[in-house]
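Please examine the model shown below. The explanation that follows leads from a pocket to a helix pair, a salt bridge and points of backbone geometry.

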Amino acid sequence: MLWRAIRNMEVMVHSSSFLLPKLHQPAKIPANNYNLVVLNQHLPRFMPRLWAQAKLRICADGGANRIFDEMSQMTSDQDNESNINRHIPEIIEGDMDSIRPEVKRFYSHQGTKISDKSHNQETTDLHKCISSIRDRTPNHEKSDLCVLVTGALGGRFDHEAANINVLYVFSDMRIVLLSDDCLIRLLPKTHQHEIYIDSSLEGPHCGLFPIGAPSTSTTTTGLKWNLSDAKMKFGSMISTSNIVDSEKVTVQSDADLLWTISLRNLT
């Protein structure tokens, strides 16, 4: 994670360079070490790249079914058995109400750690996975940690809302929710934010929404319709269907914000 002090407030730098092959990741944007969490929705088109470059891969319960069933359809390898054997998650975590018994048995035999949290019905599987990642990450590595979550968007809205809530619960962590169509990340009010845009990957459509409390002052640069000391809250104004107009977007707000941007047709 890149931090920089400006006007007594640290700057948090964001990019979507994790969607690029490592050889094409820009040197000016430090690449984060990322953990990958797979939820129980269809895998995005760019899943093989995320999987290959992840430091740790965790399937949240039924997410293991998705890896078992779908990864072989997303690579050029025609040998289905070989493909399945190459994509083994390090951990499967959750209440185990969605994973198929044969999938659980297969990955267990391959050495995957099965973390059965069925005794805890107070939190979602994603919450359990993020909590586990936080607890297992040494303190000196936490500032560089990024967690990418696939399958967090789409499907039932109550699931989507719970996944977005996880961003707010773990606001001290850098977590990105991904789908084929867009990504969502939290911009904590404790920092100014610089978001570097790669137009080959993302945009132009974007949005900003306050979460947890209204914003009485939000200012941006780099958008077609910039905000200047704007007030935002649900039931009044929020920034939706905005357009990225620069390679760098800056955001400063007195509220935690959700940033969302559309994704290109990535493969």
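**The pocket, the helix packing and the backbone**

In this predicted model, helix H5 (125-136) and helix H6 (157-169) each contribute at least two residues to the lining of the largest pocket. Of these elements, H6 deserves attention, since the largest share of that lining, four residues, comes from H6. The volume of the largest pocket is about 490 Å³. Its lining is made up of 23 residues, and those closest to the centre of the pocket are Asn 40, Thr 124, Asp 125, His 159 and Asn 163. What is the make-up of the lining of the largest pocket by class? There are 11 polar residues and seven charged ones, together with five that are nonpolar.

The next step leads to a pair of helices. Helix H2 (residues 63-70) packs with helix H4 (residues 101-109) at an angle of about 80°, and the two axes are 10 Å apart. Angles of 65 to 115 degrees count as roughly perpendicular, and H2 and H4 are therefore roughly perpendicular to each other. Which residues make this contact? From H2 come Ala 64, Asn 65, Ile 67 and Phe 68, and from H4 come Val 103, Phe 106 and Tyr 107. By class, six residues of the contact of H2 with H4 are nonpolar and one is polar, while none is charged.

Helix H2 also takes part in a salt bridge. The structure holds 10 salt bridges, and one of them joins the side chains of Asp 69 and Arg 100, with an N to O distance of 2.9 Å. Why does this pair tie together parts that are 31 residues apart in sequence? Asp 69 belongs to helix H2, whereas Arg 100 lies in the loop between strand E5 (91-94) and H4, so the salt bridge links these two parts.

The backbone remains to be considered. Most residues other than glycine have a negative phi, and most peptide bonds are trans. Against this background, two places in the chain may be examined in turn. Gly 203 and Pro 204 are joined by a cis peptide bond, for which omega is about 5°. Pro 204 is located in strand E11 (residues 202-210). Asp 229, although it is not a glycine, has a positive phi of about 55°. Where is Asp 229 found? Asp 229 occupies a position in the loop between strand E12 (215-221) and strand E13 (230-232).

Methods. Residues are numbered from 1 along each chain as its sequence is written. This is a predicted model: local features need pLDDT of at least 70, side-chain atom pairs count only at pLDDT 80 or more; totals for chains, interfaces and linings use all residues. Side-chain values use heavy atoms; hydrogens and water are left out. On a 1 Å grid over the protein atoms alone, a cavity is a set of points where a 1.4 Å probe fits but cannot get out, and a pocket is an open set with protein on both sides within 12 Å along at least five of seven lines; lining residues have an atom within 4 Å of a point. Grid points are joined across faces, edges and corners, and a volume is the space filled by probe spheres set on the points. Ala, Val, Leu, Ile, Met, Phe, Trp, Tyr, Cys and Pro count as nonpolar, Asp, Glu, Lys and Arg as charged, and the others, Gly among them, as polar. Axes are lines fitted to C-alpha atoms, for helices over the stretch in contact, and angles run from 0 to 180 degrees between N-to-C directions. Angles under 35 degrees count as roughly parallel, over 145 as roughly antiparallel, 65 to 115 as roughly perpendicular and the rest as oblique. Contact means heavy atoms within 4.5 Å. A salt bridge is a side-chain nitrogen of Lys or Arg within 4 Å of a carboxyl oxygen of Asp or Glu.
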